[in-house]
Amino acid sequence: MIGRVFAEMWQGLRRNSSMVISVVLVTFVSLTFVGAGILMQQQISSMKAFWYDRAQVSVDLCSSVSTAPNCAGGQASDTQRDAVEAALQGAVLTPYVSEYEFEDQDQAYENFQQQFAGDPIVSFVEPEYLSESFLITLTDPDQADIIIEQLSNYDGVEAVTDQRQYLESIFELLNVASLSAIGVAVVMLVAAALLIATTIRLSAISRRREIGIMRLVGASNRYIQAPFILEGVVAALIGAVLASAATVAIAHFFVQGYLGRQLPFVSLIGVPEALLAIPVLLVVSVLLAWVSARIAINKYLKV
């Protein structure tokens, strides 16, 4: 009986080969978008785990060109700088501060030149225009607000900034791109479901005579439906396998290969993370095909 079911399935696949190829291609494209969306979410999580723990709070002291309310006296004096450092070493903030370092104007200017190397703006900036700063690493990055609240009103302090706010905009863009990929994937999956249903319907119509004979000899509904459902599942699984290969290729050649060379200091996902997405793609393809084929059979064949 099982052999008969598989024989009917292969016969249906051969009869509707063009439609089956269409199902494979649409499923492949849609699940590749799903895989890309999963990779992007994994990359976002990886980057958050890596950078959030390393993000610092920057306490920028007044420079000669600062216009902040606390900078009415011009550049921060040694006394004002010592007061900020004393606060960082005091009993109130010590539990929240893991370590800190001081960056003077010469160091800030050197870092500025490295960051904007080749930019004409470098020639217009002098060391005295840049702020001295304390760069604070917190024991818990989520408690940055405590440092900001304590130090923002100190004389000689131009601004206290949680560097994670700059990361948020990057992560928001990545999230939008990820959600866009998932949105395209959903549309494509709906198209794949409709195409699977159409393929199964055409396959069933072309074999009405065989179906009628099976019903006359007492074949159960499940036995009659099984070859049609398997047709959809096999076609969708082929598309899922191709999408899985594409997802692994994206992780290996694009993320680890191209982006790895362009962004050597960024923690990037790789093939192991892509392999975790494969079971999701396979399960989605099977469920999509099974549901679509089952609905098509129940609606159009009334078996």
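The questions and answers below look at helices α5 and α6 in a predicted model.

Student: Is N175 buried, partly exposed or exposed in this model, and what is its relative accessible area?

Tutor: N175 lies in helix α6, which covers residues 164-206. A residue counts as buried under 20% relative accessible area and as exposed over 50%. N175 falls in between these cut-offs and is therefore partly exposed, with a relative accessible area of 25%.

Student: Which residues are in contact with N175, once its neighbours within four places in sequence are left aside?

Tutor: Position along the chain does not settle this, for N175 and I44 are 131 residues apart in sequence and yet 7.7 Å apart in space, C-alpha to C-alpha. With the neighbours within four places left aside, the residues in contact with N175 are Q41 and I44.

Student: Which residues form a nonpolar patch on the surface together with I182, and what is the accessible area of the patch?

Tutor: I182 has its place in helix α6, and I182 is partly exposed, with a relative accessible area of 31%. Its partners in the nonpolar surface patch are V186, V190 and L194, and together the four residues have an accessible area of about 330 Å².

Student: Why do the buried residues of α5 line one face of the helix?

Tutor: In helix α5, which covers residues 144-151, the residues A144, I147 and L151 are buried. Seen down the axis of α5, these buried residues line one face because their directions fall within an arc of 65°.

Student: Which residues are exposed on the other side of α5?

Tutor: The buried residues of α5 are covered by elements that include β1, α3, β2, β3 and β4. On the other side of the helix, by contrast, the exposed residues are D145 and E149.

Methods:
Residues numbered from 1 in each chain as written. Predicted model: local features only at pLDDT ≥ 70, side-chain atom pairs only at ≥ 80, totals over all residues. Heavy atoms only, no water. Helix = DSSP H or I, 4+ residues; strand = E, 2+ residues; numbered from the N terminus. Buried < 20%, exposed > 50% of the residue type's maximum accessible area, 1.4 Å probe, protein only. Contact = heavy atoms within 4.5 Å. Patch = residues over 30% accessible without salt bridge, like charges linked within 9 Å, V, L, I, M, F, W, Y side chains within 5 Å. Areas by Shrake-Rupley, 256 points an atom, 1.4 Å probe, with all protein chains shown as cover. Salt bridge = Lys/Arg side-chain N within 4 Å of Asp/Glu carboxyl O. Arc of directions from axis to C-beta.
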